[in-house]
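Visitor: Please take one part of this model, the open sheet with what packs on it, and describe it closely.

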Amino acid sequence: MGNLLTAVNLRAYYRTVQGEEIKAVDDVSLEVREGEVLGIAGESGCGKSTLASVLAFTVTPPLYVVGGEVKANGTNILTLDRETLRREIKGKYISIVPQGAMNSLNPTARIKNFVIDVLKEHFPEMSKEEAIQRAKERFSALSLPPRILDAYPHQLSGGMKQRTVTVISTLLNPKVLIADEPTSALDVSSQKIVIKLLVELLRMQIIKSIVFITHELPLLRHFADRIAVMYAGRIVEVGPMENIIFEPLHPYSKLLMSSVLVPEPGMKSKRIEAIPGVPPNLKNPPSGCRFHPRCPSYAKEFCDTSIPPFVKVGPDHMVSCFLYGGKDE
Ligand SMILES: Nc1ncnc2c1ncn2[C@@H]1O[C@H](COP(=O)(O)OP(=O)(O)O)[C@@H](O)[C@H]1O
Ligand code: SF4
Ligand SMILES: [Mg+2]
């Protein structure tokens with residue numbers, strides 16, 4: 001099966017009023033394949049939400065795309081005008097449930113008003129009744145009580161709000177759904193229900209792929225097909241879920257796995273280790289390998305001067321670290 005989205009050398013920077021640039025996404029290449037759940041994991045501040053905004057093209061100042069492409073069906077969607085994006089891409093090809101979306105629902109409006117807004121944006125001729133009916137059918141198909149549509153956001157639990165926002169965001173059957181930290185604010189049982197819903201959307205072929213963003217790498221073990229680990233605006237390792245979770249190779253991925261608070265059965269590392277140091281300021285990221293100031297391996301004298309290339313370490317598994325090749329192979 002093919003790629004639904006392909007990011008090539010993507011760069012997206014925030015420009016502050018002081019004229020500084022924050023290099024939140026800096027040379028990211030990544031594809032979203034048809035039929036997969038792609039997990040993107042990394043510490044807070046590494047650029048995950050920024051990458052999500054660019055992939056879903058919800059980029060607004062002070063964020064600017066300064067380079068690269070995002071291809072969908074062979075077209076670089078970054079070159080499309082607003083109207084084409086609205087008509088053909090947003091909500092239809094790519095939909096995003098942004099981080100914290102469940103808390104940004106209008107508290108004074110019933111859920112059905114949100115549905116009407118979403119559907120009428122794409123089908124101006126659609127009546128309110130038709131929009132609500134369509135949502136009711138979808139809610140029922142996904143085992144969510146349709147009476148939710150008459151509720152106000154505060155009447156719903158966090159888990160229910162997250163599921164509601166997710167279902168509404170997929171009413172137009174987008175090919176790719178980007179879910180940015182959809183479970184982060186939830187308790188463990190609500191997390192499971194939200195993940196179940198996402199998997200169900202894929203199984204029912206309402207959507208074709210999921211990009212699931214989280215700062216909790218181990219969570220992805222339950223449902224991701226592939227995982228990309230992000231550090232300081234870049235992808236440092238990408239590969240099949242089993243490799244990244246059970247045999248991570250990049251020093252950062254290893255630390256991200258061993259810094260989990262509740263290691264799960266079967267995981268290699270049971271020790272809880274804090275990742276040394278703090279994530280870098282992306283105004284002035286470290287030279288060479290961006291992880292070098294925190295890297296316990298720091299294996300080569302050029303780690304701080306050269307950017308490690310991606311090296312193929314297994315079928316479909318790539319790592320950007322000099323321990324696995326590059327420079328003096
Ligand atoms: N509106 C903004 N203006 C300036 N910098 C921002 C803005 N939003 C995010 N950033 C910075 O961009 C970097 C990446 O942020 P983000 O994409 O939110 O990371 P993550 O989702 O991984 O936590 C961080 O350094 C963050 O401080
Ligand atoms: S390239 Fe060097 S500094 Fe970077 S992760 Fe690998 S060993 Fe560590
Ligand atoms: Mg984020």
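**The open sheet and its surroundings**

Guide: Four bridges link β11 with strand β12 (residues 317-320), and the two run antiparallel. In this pair, F310 lies opposite S320 of β12. The model is predicted: local features require pLDDT of at least 70 and side-chain atom pairs pLDDT 80 or more, while totals for chains, interfaces and linings use all residues. Residues are numbered from 1 along each chain as its sequence is written, and chains are lettered from A and ligands numbered from 1 in the order in which they are written.

Helices (H or I, at least four residues) and strands (E, at least two) are DSSP runs numbered from the N terminus, and two strands pair if DSSP finds at least two bridges between them. On this basis, the open sheet consists of eight strands in the order β6-β7-β8-β3-β9-β10-β12-β11, with mixed pairing. Its edges are β6 (94-97) and β11 (310-314), each of which pairs on one side only. On average, neighbouring strands are turned by 20° against each other, direction ignored; axes are lines fitted to C-alpha atoms, for helices over the stretch in contact, and angles run from 0 to 180 degrees between N-to-C directions.

Two helices that pack on the sheet may be described in turn. Helix α1 (residues 48-55) touches β3 (37-41), β6, β7 (176-180), β8 (209-214) and β9 (226-231), where contact means C-beta atoms, placed from the backbone, within 7 Å. The direction of α1 makes about 155° with that of β7. Helix α8 (residues 251-258) touches β3, β9 and β10 (234-240), and its direction makes about 105° with that of β9.

Helix α1 also leads to ligand 1. There, 14 residues surround the ligand, the closest being Y14, A24, K48, S49 and T50; a residue is near if its C-beta atom, placed from the backbone, lies within 6 Å. The elements giving two or more residues to this shell are β2 (21-33) and α1, and the largest share, three residues, comes from α1.

Strands β6 and β7 are also among the elements against which the buried residues of α5 pack, together with α3 (111-122), α4 (128-141) and α6 (188-203). In α5, 11 of the 12 residues are buried, that is, 20 or more other C-beta atoms, placed from the backbone, lie within 10 Å of their own (exposed: 12 or fewer; partly exposed: in between).
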